[in-house]
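Colleague: Please give me a close look at the loops of this model and at the packing around them. I should like each term to come with its cut-offs.

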Amino acid sequence: MTTQNQRDLPHPTLKPARSDYLENFFFRAEPSAIRRSTQAGEINIALKYLLNSPVLQDLIEREQAHYHTLTECIVTHLRESHRSIKNAHTIRIETKRYHGQVLIKPFIVASQSIENISNDDWKAGVKTLLPHGANVPSGAILAIGKEKSFDTDTTTELESYVEITPSQAVRQKSYKIDLSGQRIVILIHPEDKLHIDQVRQDENSLQALFPSMYQRAIEEAVRLHRKEEHEGKRWAVRIADKLGSHGLDSSDPEMLEANSLDYAQQIMDNPLTRIIESANRASEE
C-alpha cells in the first residue's frame with residue numbers, strides 16, 4: 001500500500017503503476033467506438049470495461065461499487081462524470097460543450113461505505129499491513145484505469161451523414177433510401193422508427209444496424225455519388241473523400257457498380273465485424 005505522500009489514497013487501489021494488487025490483476029476502459037451524431041448533437045463513446053479482480057467484480061455485482069468515468073474537455077475545462085455497473089457503457093456528451101481534445105478517465109468507486117473489503121487480490125506486503133481487509137467510505141476510489149483521449153474534430157464517421165427519418169410512404173418492417181438532399185436518408189415507417197430509436201440506445205443491439213440498414217445506404221451512395229444530380233452534396237463529397245483515403249478508384253462508374261458492396265464495407269471498416277465483436281463480448285460476459 002503506497003504511503004509516500006498525502007496525495008496517495010489511504011486504502012489499497014488497483015492502478016496501472018505502483019498498484020497494491022497482485023501483478024496479474026488489471027482494470028482498464030477501452031473505447032470500442034467513438035461516433036459523432038450530427039442529428040442528435042452528441043458524441044457517443046462506447047466503452048468496454050475490462051476488470052479481472054474477483055474482489056472488485058463482486059463489489060460491482062452487489063452494487064457496492066460502480067464504474068465511474070470522467071470526461072474532461074481541455075479547451076472548455078468542462079468535466080462530467082458518468083457511472084455504470086455494466087461492463088459495456090455508452091457515454092453521450094453534447095458536441096456544443098466539447099471541443100478539441102477530450103480526456104476519458106476511468107475509475108471504480110465505492111457506491112456506499114464498505115466494511116472489510118477482502119484482501120484476497122492484494123500483494124503480500126499489503127495483506128500483512130491489513131490482515132483483516134480494509135474499510136472504505138462511500139465515494140472512495142478503488143481502482144484507476146489508464147487515461148484515454150480523442151479529438152472531437154476526428155470522430156465524424158460515415159454514419160454521421162446518415163439520417164433515419166419516419167415516412168408514411170414506407171410500409172412497415174421495410175425501408176427506402178433517399179439521396180436527394182445533403183445527407184443520406186433512410187426512410188422507415190413511423191411505428192418502426194420508435195423501435196429503431198430503442199435499438200440505437202443499446203450499444204450491443206446497435207451493431208446489427210451497420211451490416212443491414214447503414215451498409216445498404218452507404219453502398220447505394222458509393223454507387224451513385226458521382227452522378228451529376230448529386231455533385232457537390234455533402235454526403236457525396238464525404239463518400240469520395242473516404243474512397244480516396246482507402247485508395248479505392250471511384251473514377252469509373254462501371255467499377256463503382258461492380259464493387260459498390262465491397263467498397264462500402266471497406267470504408268465502413270467492415271461492419272460485419274461489429275456483430276462478431278458484440279457476440280464475442282456477450283460470450284465473454
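Modeller: A contact is taken here as heavy atoms within 4.5 Å. The model is a predicted one, in which local features need pLDDT of at least 70 and side-chain atom pairs count only at pLDDT 80 or more, while totals for chains, interfaces and linings use all residues. Residues are numbered from 1 along each chain as its sequence is written, and side-chain values use heavy atoms, with hydrogens and water left out.

The chain contains eight helices and 13 strands; these are DSSP runs numbered from the N terminus, helices being H or I over at least four residues and strands E over at least two. Of its 285 residues, 46% are buried, where buried means under 20% relative accessible area, exposed over 50%, and partly exposed in between (1.4 Å probe, protein chains only). When contacts between residues at least 6 apart in sequence are considered, 62% of them join residues at least 24 apart.

I begin with His189, which occupies the loop between strand 13 (184-188) and helix 3 (190-201). His189 counts as buried because its relative accessible area is 12%. Beyond residues up to four places away in sequence, His189 is in contact with Ser167, Gln168, Val170, Arg171, Gln172 and Ser174.

Lys173 belongs to the loop between strand 11 (162-166) and strand 12 (175-178). In contrast to the buried His189, Lys173 is exposed, since its relative accessible area is 68%. Its phi is positive, about 65°, although Lys173 is not a glycine. Most residues other than glycine have a negative phi. Asp269, in the loop between helix 7 (253-267) and helix 8 (272-284), is another non-glycine residue with a positive phi, here about 60°. Asp269 also counts as exposed, because its relative accessibility is 53%.

Thr95 sits in the loop between strand 5 (88-94) and strand 6 (101-110). With a relative accessibility of 18%, Thr95 is therefore classed as buried. Its C-alpha atom lies 4.8 Å from that of Glu42, although 53 residues separate the two along the chain. Glu42 is also one of the residues that Thr95 contacts outside its neighbours within four places in sequence, together with Arg36, Gly41 and Ile43.

Next comes His225, placed in the loop between helix 5 (210-224) and helix 6 (234-245). His225 is buried because its relative accessibility is 5%. Its side chain reaches the backbone oxygen of Val222 at 2.8 Å. That distance falls inside the limit for a polar contact, a pair of N or O atoms within 3.5 Å; within protein, one must be able to donate a hydrogen and the other to accept it, and residues adjacent in sequence count only if both atoms are side-chain atoms. Leaving out residues up to four places away, His225 touches His230, Trp235, Ala236, Ile239, Ala240, Leu243, Ser250 and Leu256.

The partner Val222 lies in helix 5 and is buried, because its relative accessible area is 0%. Ile239, Leu243 and Leu256, which are contacted by His225, are contacted by Val222 as well. Val222 further touches Ser260, Tyr263, Ala264 and Ile267, again not counting residues up to four places away. The C-alpha atoms of Val222 and Ile239 are 6.5 Å apart, with the two residues 17 places from each other along the chain.

The wider setting is given by the nonpolar cores, each a set of buried Ala, Val, Leu, Ile, Met, Phe, Trp, Tyr and Cys residues joined through side-chain atoms within 4.5 Å. In soluble globular proteins, nonpolar side chains tend to be buried together. The largest core has 36 residues, among which Ile45, Leu56, Ile108 and Leu142 touch the most other members. Strand 2 (residues 42-51) is its greatest contributor, with five residues. Apart from this core there is a second, separate one of 26 residues, which includes Ile184, Ile188, Leu209 and Leu243. Leu243 thus brings us back to the loop residue His225, since it is one of the residues that His225 touches. In the largest core, Leu142 has contacts that include Leu56 and Ile108, along with His11, Pro12, Ala65 and Val136 among others, with residues up to four places away not counted.
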